Amino acid sequence: ICCLSYNHEKFIKQAIESFWEQTYKNIEIIALDDGSKDNSFEILKNLKEKSPCNMEIFKQENSGKIPKNFNFVLKKAKGKYVTILSLDDYLAPDAIKSQVEIMERDNDIQFVISTRFISFNSREQKEEILNLDKSNNITPQNVLDEDFKNIHAYCLQGTVYRKSIIEAVDYFDEEMIADDLVIRHRTAKYLVENPKYKLGVLKTPTVYYRRHETNFSKNISAQLKSVAMFYQKYYPDKKNIYTLKNSYRTLFKQHNFKDAIKL
């Protein structure tokens, strides 16, 4: 389980305990603190002392470079399978076991996606159902098409991949801002280009995604930049960039004209 922390002192204990409570027990935890200004790293150190499984922790000066930071922890991983998480989220108890069992039964399945997740905040939680959930035969091309149109085919957090496919696509693209979008694209495209390989599908939630004011998704201008960079690199000749158009509309709804133009 490869995870990142930045100012997550309120949430880290719940996340790490969700790893300890997995019904699949053969795990290691690799956590990187990206220069938190709160007590995140001290909490990680205390949890490492109590951890029932191998747990490695690292600290660095703040970089804000999420793809590079995930590459750091992924390259430390010694397991056959990897999953990634930000330490403000946490895993459902059967998340790892349910996905590993699917891949252990079929060596051609390279990763397992879930078409559902639980979103929550301090007041409520609810099950979110993604568009791919409507299909009974989800293909890698479906993932590419959904991400092109709506930028959210499935949650990267809590998805279990064979480490070999992450290596085959050369990890995260460190030139990009959009970490989840790009790794979903790279891995799905790899399967399209190598049709021997497949993806697995669950229609039960594997991750609890915390919605709060510091979520990257709340920063519309940064989201715009990340999505624009993605389209520029991976779809330079495509027309009708539906999601980018909608994002611009959102930007102008949330700011006065002067500030929106600047952003």
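Lys163 has its place in helix H6, which spans residues 163-168. The structure described here is a predicted model, and this lysine is a pleasant place to start reading it. With a relative accessible area of 10%, Lys163 is buried. Its side chain reaches the backbone oxygen of Leu74 at 3.3 Å. Leu74 also appears among the residues in contact with Lys163 once neighbours within four places in sequence are left aside; the others are Lys75, Ala77, Gly79, Lys80, Tyr81, Val82 and Tyr171.

From this helix, attention can turn to a strand close to the start of the numbering. Strand S1 takes in residues 2-5, and both of its faces are covered. On one side lie Cys2 and Leu4, on the other Cys3 and Ser5, and all of these residues are buried. Strand S1 has partners to consider as well. Strands in a sheet pair through backbone hydrogen bonds, and they can do so in a parallel or an antiparallel way. With strand S2 (residues 28-34), S1 pairs in the parallel sense over four bridges, and Cys2 stands opposite Ile30 in S2. To get from S1 to S2, the chain passes through helix H1 (residues 12-20), and this β-α-β crossover is right-handed. S1 also runs parallel to strand S5 (residues 84-86), to which three bridges join it. Here the bridge partner of Cys2 is Ile84.

The cysteines in this strand invite a further question: how many disulfides does the count come to? The count is zero. For Cys3, the closest cysteine sulfur is that of Cys2, and because the two sulfurs are 7.3 Å apart, they are too far from each other for a bond; the cut-off for a disulfide is 2.5 Å. Cys155 is in no disulfide either, as its nearest cysteine sulfur, that of Cys3, is 17 Å away. Both residues are hidden from the surface: the relative accessible area of Cys3 is 0%, and Cys155 counts as buried at 9%.

Helix H5 (residues 140-150) offers another view of the interior. Its buried residues are Pro140, Val143, Leu144, Glu146, Asp147 and Phe148. In an α-helix there are 3.6 residues to a turn, so residues three or four places apart point the same way. Several elements cover the buried residues of H5, including strands S7 (109-114) and S11 (198-202) and helices H7 (179-193), H8 (220-234) and H9 (242-254). After H5 comes Ile151, whose phi is positive, near 65°.

Phe148 of H5 leads on to the aromatic rings, for it belongs to one aromatic cluster together with Phe230, Tyr231, Tyr234 and Tyr235. The structure holds 16 aromatic pairs. One of them joins Tyr231 and Tyr235, whose ring centres are 6.4 Å apart and whose planes make an angle of 55°, a tilted arrangement. Tyr231 is buried at 4% relative accessibility, and Tyr235 is buried too, with a relative accessible area of 13%.

A last feature is an open sheet of four strands, in the order S6-S12-S8-S9, with mixed pairing. Its edge strands are S6 (90-91) and S9 (125-129), each of which pairs on one side only. S6 runs antiparallel to strand S12 (residues 207-210), and two bridges join them. Within this pairing, Tyr90 has Tyr208 of S12 as its bridge partner.

How values were computed:
Residues numbered from 1 in each chain as written. Predicted model: local features only at pLDDT ≥ 70, side-chain atom pairs only at ≥ 80, totals over all residues. Heavy atoms only, no water. Buried < 20%, exposed > 50% of the residue type's maximum accessible area, 1.4 Å probe, protein only. Pairing = 2+ DSSP bridges. Right-handed = clockwise from strand over helix to strand, strands pointing away. Contact = heavy atoms within 4.5 Å. Polar contact = N/O pair within 3.5 Å; in protein donor to acceptor, adjacent residues only side chain to side chain. Phe/Tyr/Trp six-rings, centres within 6.5 Å; stacked < 30°, edge-to-face > 60°.
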